[in-house]
Amino acid sequence: MQISLTRPDDWHLHLRDGAMLEAVLPYAARDFGRAIVMPNLVPPVVTVADAMAYRERIQAAMPEGADFTPLMVLYLTEQTDPQDVKAGIEQGVISAVKLYPAGATTNSSSGVRNMANVMPVLEVMAEHGLPLCVHGEVTDSDIDIFDREAVFIDRVLDPLGRSLPELRVVFEHITTKQAVQYVQEASRALAATITTHHLFINRNAYLAGGIKPHYYCLPVAKREIHRRALVDAAISGDPRFFLGTDSAPHTDANKLQSCGCAGIFTSANTMACLAQLFEQEEALDKLEGFTSLHGPAFYKLPPNQSQITLQRHEAPVSFGSHIDTEEGPVTIFDPLTPIYWDVVRSD
Ligand code: NCD
Ligand code: ZN
């Protein structure tokens with residue numbers, strides 16, 4: 001069996017820089033038409049000039065003939081200049097701004113501590129319709145890590161929606177039924193991305209039968225009832241939910257240690273995994289909306305013109321265990337279930 005879809009987009013992707021960028025970009029560029037490129041480099045992408053320079057480095061690493069456009073994102077800090085953001089919007093350089101609560105995740109130490117200090121930037125964005133992508137976890141050490149997303153809704157996201165209802169917000173990589181419900185019930189322009197891995201794994205994947213660092217990411221995967229809520233949202237056809245893989249490559253050396261990095265590399269097999277999941281859920285007809293139509297609609301962009309074709313094979317497909325990079329091997333996400341699909345054509 002084969003299915004063809006409008007070429008998908010990835011609304012949350014880590015491409016990194018240097019040798020890692022060169023190694024991972026071909027995977028994203030193979031299956032996706034565009035990606036919202038996360039700005040959490042070291043140092044972060046904070047100004048429009050930084051974003052333009054990063055975009056050039058991505059273009060320089062682009063495989064010959066690729067049909068892939070990086071959509072650039074600024075990393076919001078308490079020093080971000082509203083005039084710079086305005087200029088970036090007017091020049092068409094930036095597609096979103098990313099809010100990292102300081103300390104929430106990989107390279108987030110320059111993030112925001114006090115939302116009051118970024119209101120002038122958010123007001124400019126609201127005025128111009130530029131989306132704010134939000135890492136939705138509080139960072140307070142007294143809040144249990146499994147509760148940080150739900151508490152973020154009450155302490156940050158909901159108050160933000162009340163003080164600036166016109167701001168378009170993407171609640172990124174949601175992991176809880178509370179987040180699904182909050183987005184479903186919102187009357188303002190609020191959408192959510194869902195990752196590939198959070199649709200497949202619950203917290204047993206990294207905690208049961210030994211500690212499994214390759215399933216450690218942020219926000220951490222939660223209980224099965226939450227994974228189920230994410231799957232139901234993804235296959236529902238509701239346009240407020242769309243794919244943001246959060247493919248976040250780290251070398252095995254950086255993941256397999258006493259304090260390992262958070263992040264799962266899924267660019268290599270995301271579309272195959274999703275076809276498998278949507279087939280199992282008898283929702284293959286909803287795959288194109290989730291991967292290719294709802295995201296552009298929220299970002300006010302046309303869907304891609306081209307298509308990809310996925311094929312279902314008789315035997316499980318192997319995607320290999322890792323990719324090689326100059327910095328060392330990076331493990332490919334293992335969905336813990338056989339995958340019979342792969343992408344056979346782009347046109
Ligand atoms: C991301 C990374 O490695 O940059 N890690 C992750 O676990 N998702 C950062 C992020 O999106 O939180
Ligand atoms: Zn991410």
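This is a guided tour of one structure, stop by stop, with a suggestion at each stop of what to select in the viewer. Please keep in mind throughout that the model is predicted.

**Stop 1: the eight-stranded sheet**

Begin by displaying the strands, and look for the open sheet in which eight of them are arranged in the order 2-3-4-5-6-7-8-9, with parallel pairing. At its edges you will find strand 2 (10–13) and strand 9 (241–243), each of which pairs on one side only. If you follow the sheet from one strand to the next, the twist averages 30 degrees. As general background, the strands of a sheet pair through backbone hydrogen bonds, and this can happen in a parallel or an antiparallel way.

Now select strand 8 (residues 190–194) together with strand 9, which run parallel and are joined by three bridges. One residue to label here is Thr193, whose bridge partner in strand 9 is Phe242. Then add helix 5 (residues 148–163), which packs on the sheet and touches strand 6 (132–134) and strand 7 (169–171). The direction of helix 5 makes about 175 degrees with that of strand 7.

Next, select strand 4 (residues 69–75) and strand 5, a parallel pair held over four bridges, and label Met72, which stands opposite Ile94 in strand 5. Is strand 5 (residues 94–99) largely enclosed or open? Six of its six residues are buried, so strand 5 is largely enclosed by the rest of the structure.

**Stop 2: the zinc ion**

Select ligand 2, the zinc ion, and show the side chains of His12, His14 and Asp246, which coordinate the zinc ion through NE2, NE2 and OD, respectively, at 2.0 Å. Four donor atoms surround this ion, and because the angles they subtend run from 93 to 134 degrees, the arrangement is tetrahedral. For comparison, the ideal angle for four tetrahedral donors at a metal is 109.5 degrees.

Along the chain, the donors of this zinc ion follow the spacing H-x1-H-x231-D. The pair of His14 and Asp246 links distant parts of the chain, since these residues are 232 residues apart: His14 is in the loop between strand 2 and helix 1 (18–31), while Asp246 is in the loop between strand 9 and helix 10 (252–255). Colouring by accessibility would show that His14 is buried, with a relative accessible area of 7%, and that Asp246, at 6%, counts as buried too.

**Stop 3: the nonpolar cores**

Hide the ligand and turn to the largest nonpolar core, which has 106 residues. Select Leu15, Phe68, Leu122, Leu132, Leu199 and Phe278, the residues that touch the most other members of this core. Around Phe278, leaving aside neighbours within four places in sequence, the contacts are Ala234, Ile235, Ala283, Leu284, Lys286, Leu287 and Phe290. Apart from this core lies another, of 14 residues, and among them are Tyr75, Cys133, Val170 and Tyr299.

**Stop 4: the three-stranded sheet and helix 11**

Now select strands 1, 10 and 13, which form an open sheet in the order 1-10-13 with antiparallel pairing. Strand 1 (2–6) and strand 13 (341–346) are the edge strands. Strand 10 (residues 307–312) is joined to strand 13 by five bridges, and in strand 13 the bridge partner of Leu310 is Val343. Helix 11 lies across strand 1, strand 10 and strand 13, running at about 120 degrees to strand 13.

Within helix 11 (residues 270–280), select Glu279, which is partly exposed, with a relative accessible area of 22%. Beyond four places in sequence, Glu279 is in contact with Met1, Leu284, Arg312 and Trp341. Of these, Arg312 is 33 residues away from Glu279 along the chain, and their C-alpha atoms are separated by 9.9 Å.

**Stop 5: details of the backbone**

Finish with a few loops. Select Val42 and Pro43, between which the peptide bond is cis, with omega near -5 degrees; Pro43 lies in the loop between strand 3 (34–37) and helix 2 (48–60). Another cis peptide bond runs from Leu218 to Pro219, and Pro219 is in the loop between helix 8 (204–207) and helix 9.

Lastly, select Lys300, a residue other than glycine with a positive phi, near 60 degrees. Lys300 lies in the loop between helix 12 (287–299) and strand 10 and, at 62% relative accessibility, counts as exposed.

Definitions and conventions. Residues are numbered from 1 along each chain as its sequence is written. Chains are lettered from A and ligands numbered from 1 in the order in which they are written. This is a predicted model: local features need pLDDT of at least 70, side-chain atom pairs count only at pLDDT 80 or more; totals for chains, interfaces and linings use all residues. Side-chain values use heavy atoms; hydrogens and water are left out. Two strands pair if DSSP finds at least two bridges between them. Helices (H or I, at least four residues) and strands (E, at least two) are DSSP runs, numbered from the N terminus. Axes are lines fitted to C-alpha atoms, for helices over the stretch in contact, and angles run from 0 to 180 degrees between N-to-C directions. Contact means heavy atoms within 4.5 Å. Donors are N, O and S atoms within 2.8 Å of the metal (3.2 Å for Na, K and Ca); water is not among the atoms, so sites may look incomplete. Four donors count as tetrahedral if all angles lie between 85 and 135 degrees; four count as square planar and six as octahedral if opposite donors are over 155 degrees apart and all others between 65 and 115; anything else is irregular. Buried means under 20% relative accessible area, exposed over 50%, partly exposed in between (1.4 Å probe, protein chains only). A nonpolar core is a set of buried Ala, Val, Leu, Ile, Met, Phe, Trp, Tyr and Cys residues joined through side-chain atoms within 4.5 Å.
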